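Hi,

Here's the structure I said I'd pass along. Have a look at it first, and then my notes underneath should be easier to follow.

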Amino acid sequence: MDERIRQDHRLAEAEALERLRASQPDREASQRITEHALNLAREVRATRPAALSAESFLRHYGLSTPEGVALMCVAEALLRIPDPETADALLREKLSAGQWVKGGGQEAEDSWAASAADWALMLTGTLARWREAQAEPVAQLKRLAARLGEPVVRTAVRQAMRILASQFVIGETIEEAVTRSRAFEAYRFSYDMLGEAARTAEDAARYFDAYSRAIRGTPAGDGVSVKLSALHPRFEEAKRARVFAELAPRVAQLVRLAEQCAVGITIDAEESERLELTLDLFEELSRGHALGLAVQAYQKRALAVCDWLVGLRRRVSVRLVKGAYWDGEIKRAQQLGMPDYPVFTRKLATDLSYVACARRLLSAPATLYPAFATHNCRTVATIFELAGDRPFEFQKLFGMGDTLYEVLSRARAFACRIYAPVGSFTDLLPYLVRRLLENGANTSFVHQIADPAVPLEALVADPLEALPEPYSPDPRIPLPRNLYPDRLNSLGVDLARADVLDSLEEKIRSDRGRENLGAVENTTARELDFSIARAAAAFDSWTRVPASERAAALERTADAMERRMQELVSLIVREGGRTYADAVSEVREAADFCRYYALQARRHFADPVPLAGPAGERNELSLHGRGVFACIAPWNFPLAIFTGQVAAALAAGNTVIAKPAEQTPRIGFRAVELLHQAGIPADVLSCAVGDGEAVGAPLVADPRIAGVAFTGSDETARRINAALAARPGPIATLIAETGGVNAMVVDASALPEQVVDDVVVSAFQSAGQRCSAQRILFVDEGCAARVMRLLAGALAELKVGDPAEPDTDVGPIIDAPARAALLRHVEKLRTGARLIGEARAPASGNYLAPVAFEMPIEALPKTEVFGPVLHVCLYRRDNLGRVLQWIRDTGYGLTLGVHSRIQSFVDAVVTEARVGNVYVNRSMIGAVVGVQPFGGEGLSGTGPKAGGPHYLFRFATERTLTVNTAAVGGVTELLTRPLN
Ligand code: NAD
C-alpha cells in the first residue's frame, strides 16, 4: 500500500479539501452539469414515487420525527424477537408514541393497535392509496384491528415488515434473487450477502458457503460483493498475520470460483480502520486475477486510494461510493481521541471528493472500470460530463433511486447495475436501518428530493459554490481533541495502523531486553516517617499556592504523559501485564484526570464564593486542603487510578504520600517523577513503595495523615477504616473505591451480536481484572441459545498470551496466588455448572483462559471473582423482578449493563438498580473522566465519583469568612445606592 494513503488518513480537513479543488469541473462545465441535474431533479420530483419505495417511506416519516425513530426501532428489532410478549411490548411502546395518521382528516386513535394497523397499511403502501379514494374503509379496518387485539396486529405488523423488507432485499436465497432480477432487464446485478460481520469461525464458514453458493448461482456478467469482515471473525489490523494466513486463501478460493463462473467479485468497503488491511489484501489477491474494490469518497484518503489503484496498472473494477458509516466514523474517532477524523465533516466536501475520485478513476480506461454508486442527480450529471465516451456504469441500491434511473433512461442509454441484498429478512433489518439512516440523513439527496420545501436549485448547486471560504470543517463537529468545551481531551493512539503497532512492539521488546524491570527498593519505616514529616511541613506553603498554579502543574503533567505515551505504554505492558489497548487507555485516563481536576481546582478553589446575606456584612466560603493525604492505589489501573488520586489530592491543596500497589511500583514511581518534573515540589509529593502490611498499614495508622484516598478490595478498605478509627486525634477523611459483582441484563429484543461483542469486552478485556468488569450475564430465555452459541464462538477466537505481542487480546493474571484462587473457582464450576465455552491459554505462564458457565440463580457468586470468568443465568421475562432483587441483595453497586430495545424494560432495570454506573446497549467498562464519573455505592465504595464534579470537595475543608462592613460606622452600600 502506498505511504500517501497512510499520510492522508487523518489529514487536516482544510488541507485535504484543497487537494480536491484542482479536479473540479470548470465554470462552464459546472453550468452544464447544473442544468442537466436540474432537469433531472425536476422530473424526479414531479414523478410520484412508488408507494412502496424508500422515497415514499421517507416522505411520510422522516428520521427527525418521533414516528420515524419509532419505525426504525421496530424495523430493527421486531423480526428477531422470539416471544410474543416481548414483541408486543416493543410494538406497544413504539407505536403508542407519535402521530401515525397524517392528513386525511382522520382522528388518530388512542389504541396502539390502531396505530400499528395504520402503520402496517402505510408500509404496504395501501394506506396512501386508500386514503385518497375512501376514508371509511381505513377507519373501519383500524377499528377492526383494535378490536381483534394484539396477536392479530402483531402478525399484521410482522407481515408488513416482510413486505417492506421485500422492497429492499431482492430475495432470501440467490435463486430467488436471480429469478426476481429477470424483471429488471435493463440492469446488471451485484448481489450482496446480508449479515453482520462474523463473530465466530462458524459464522465465517457459513458466510463462505453463502458466497460460494451465490457465485455459483449468479449469471455470468453479474457480480457478487464480498464483505471481508463476514469471512473472518477477527478481520482487524492487530490480527494481520492471521488474516493473511486464514482469510486470504479463503478469498482467493472465491476469486477463482468467480473466474470459472465469469462472475465479478467486488470487495466491499467497511469501517476506515479496516482499510489498510483491505488494500494490502486486495493488492495480493488481485495479482493475476480480476477483482473489484469499493472506495469511499468520504474518507480523506480516497483520492490517494484512487491514485494508488491507477498506479497498480491492473484490471480492476472500482465502485465509488460516498460511504455509509459516516456517523460511526465520527463517533469512534472522538472516543479514541484521534488527532483528526478519517472522514470529511461536511457533506459538501464528500461531494467534491467524489468528483475528484471519479475523474481519477476515469483517467485510466485501459485498466480501471469505474462504477458510480449514486442516487444523486448532480452526481449523475457530473459523471456524464466527466466521462465523455469512456466506459463506466452507474450503480443503485435495490429499492432506491428508482425514479431517478427511470427518468434518466427515458433520455439516454447507459449501463447501470443494481446492488441487491440477498438474505433472510431478519438479517435485512440492520442493513435497512443503515440505508435508511444514510439516505434519511438531512444531508442526503434522497431525503431532500422528497422534501418539497427544499428548492431544487439549491439541491443541485455546484458544491464549490456553497463551500465556506476559506474552507473550515463543520464547527458543530469539533476535533476529538476539542470535544470538551473547557479542557483538552486526551490524545489516543491509532492501534489500527500497522506502523504504529510495529513501533510499539519494537519499543517494548527493546525495553524488555535492556532492563528486565529489576527489583525496586521498598520504602523503609524510617524513610516513610521522614516523608510524612516532610509532607506535613510542606502543607502550609503548598495549600497557599494559588489554585491556578497547582492546576498548571497538573496540566503540564498531562502533556508530559501524552508526549511519553510510548514509554509509559511499554512500562504498563511490561510491569502491569496489560495489552496495548489497555495501556493506551491508562495513559489517556491519567492525562484526563490531571486536566479534569486542574479545571475543577481553577473553578472552585481559586476564589472564595460570595454568599448572600444582610446589608453591612460580607460573607464568603472558601475551600482549602486538609493536610497530608495518603493515596493508595491498586495494581489493576497502575497509572490511571494512581495518578487520579494523587492529582485530586494535590489540586485541592493537600500534600501527598502516594503508595502504588506492590505489584506495580515502577509505574507509580514514574508517575511521581513526571509530576515532580512538571513542577510539583519534592516535599509536597513522595512515593512510598512496598506492600500493604509493611507500608500501607503504617501509613494509614499515622496520625499526621489527614485523609486517605483508597482504591482496592473491600477487605482492605475495611481494614483501613478500622485503622483510621483507632487513631487518636482528628477523624480522617476516607474515600474508598472497592469491588463489585457486576451484572448485565439482556432481554429478548436485544441484538445478540451486539450483546456478545459487549460481553466479551466487559467480561474478558484486561483478563477480567477491572473493578467494573462484568461477572454475571442475565439473559432472557428467548434469545439465550443464540447468545450462548455466539459467546462460545467468540471465546474461541480470543488470543490469550504475552501482552507484548500486539495481537494478544487477553494478558496474564497479575500474580500466582490470584491465579490459583481463580483456578479453584473454575474447577468448582466445572463440576457444578454447565460450560458454555472457553478460550485457550498458553500452557506455561500465569494465564487463565477466559471461560463462561451457565448456572441457576441460586448458584451465582455473591462475592467478587476478579478474573476472566463469566457466570451466565437464564431468566424469564416475568421473573425480571427476582433478577433485580438478586442484584440488589449482593450489596454491591458498581456497574450494571442493560441490553434492550424496549425503553420500559430499560427503565424498569435502571429504576430498581442501586449501582454507581449503568450502561445501556454498550459495554460496561471504560468509564471516561468527566463523561462517566466513576464509582459505586453500598459495598462498592463511599463515593464521590472519581473524574466527577464532586470529587475534589471531598479532599477539601471549607471555611467561611464573615466581615461586618458596617463596623466602621454605617452600612455604606445602603447609603450610597444610586437614586432611582
Ligand atoms: P488490594 O486491596 O489488595 O490492594 C490495594 C492497595 O491497598 C495496594 O496498594 C495495597 O498494597 C494496599 N493495601 C493492602 N493492605 C493494606 C492495608 N492494611 N493498609 C493500607 N493499604 C493496604 O486490591 P488490589 O488487588 O490491588 O486491587 C483489586 C481490587 O481493587 C478489586 O477488588 C477491584 O474491584 C478493586 N478496584 C476497585 C476500583 C474502583 O474504582 N471501585 C478500581 C480498581 C480496582
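**What I found**

Val898 stands opposite Val920 in strand E23. That pair belongs to a parallel pairing of strand E22 (residues 895–899) with E23, which runs over four bridges. Before I go on, bear in mind that this is a predicted model.

E23 covers residues 917–920, and its side chains alternate along the strand. Asn917 and Tyr919 point to one face and are buried, whereas Val918 and Val920 point to the other and are not.

**The barrel**

Eight strands make a closed barrel, running E1-E2-E3-E4-E5-E6-E7-E8, and the pairing is parallel. On average, neighbouring strands of this sheet are turned by 30° against each other, if you ignore direction. To get your bearings, try strand E1 (residues 188–193) and strand E2 (residues 223–226): they run parallel and are joined by three bridges. Ser190 is the residue to click on there, with Gly223 of E2 standing opposite.

Two helices that lie across barrel strands are also worth a look:

- Helix H15 (residues 275–285) lies across strand E3 (264–267), strand E4 (291–296) and strand E5 (316–321), and runs at about 160° to E4.
- Helix H18 (residues 347–362) lies across E5 and strand E6 (368–373), and runs at about 155° to E6.

Then there's helix H16 (residues 302–312). How many of its eleven residues are buried? Eight are, so H16 is largely enclosed by the rest of the structure. The buried ones are Ala302, Leu303, Ala304, Val305, Cys306, Trp308, Leu309 and Leu312. Right after H16 comes Arg313, which has a positive phi, near 55°.

**The open sheet**

There's a five-stranded open sheet as well, in the order E13-E12-E11-E14-E15, with parallel pairing. Strand E13 (685–687) and strand E15 (733–737) stand at the edges with a single partner strand each, so one side of each has no neighbour in the sheet. Neighbouring strands here are turned by 15° against each other on average, direction ignored.

Strand E14 (residues 705–711) runs parallel to E15, and five bridges join the two. One to look up is Ala709, whose bridge partner in E15 is Ile735.

This sheet has helices lying across it too. Helix H26 (residues 525–544) lies across strand E11 (628–632), E12, E13 and E14, at about 150° to E12. Helix H32 (residues 692–701) lies across E11, E12 and E14, and runs at about 155° to E12.

**Lys659**

While you're at E12 (residues 655–659), check Lys659, which sits in that strand. Is this lysine buried or exposed? Lys659 is buried, with a relative accessible area of 3%. A polar atom of the Lys659 side chain lies 2.9 Å from the backbone oxygen of Gly690. Setting aside neighbours within four places in sequence, Lys659 is in contact with Cys631, Ile632, Ala633, Phe642, Ala688, Gly690, Asp691, Gly692, Val695, Gly696 and Leu699.

**The ligand**

Which residues come closest to the ligand? There are 28 residues surrounding it, and the closest are Ala633, Glu662, Ser713, Thr738 and Glu864. Some distances to ligand oxygen atoms:

- Ala633: a polar backbone atom is 2.7 Å from an oxygen atom of the ligand.
- Thr716: a polar side-chain atom lies 2.8 Å from an oxygen atom of the ligand.
- Glu864: a polar side-chain atom lies 2.6 Å from an oxygen atom of the ligand.

Taken alone the ligand exposes 850 Å², and the protein buries 89% of that.

**Gln754**

Last one: Gln754, in helix H34 (residues 752–764). With 27% relative accessibility, Gln754 counts as partly exposed. Apart from neighbours within four places in sequence, Gln754 is in contact with Arg199, His899 and Arg901. With Arg901 there is a polar contact between the two side chains, at 3.1 Å. If you want a long-range pair to compare, Gln754 and Thr350 are 404 residues apart in sequence and 29 Å apart in space, C-alpha to C-alpha.

Cheers

Methods:
Residues numbered from 1 in each chain as written. Predicted model: local features only at pLDDT ≥ 70, side-chain atom pairs only at ≥ 80, totals over all residues. Heavy atoms only, no water. Pairing = 2+ DSSP bridges. Axes fitted to C-alpha atoms, helices over the stretch in contact; angles between N-to-C directions. Contact = heavy atoms within 4.5 Å. Near = heavy atom within 4 Å. Polar contact = N/O pair within 3.5 Å; in protein donor to acceptor, adjacent residues only side chain to side chain. Areas by Shrake-Rupley, 256 points an atom, 1.4 Å probe, with all protein chains shown as cover. Buried < 20%, exposed > 50% of the residue type's maximum accessible area, 1.4 Å probe, protein only.
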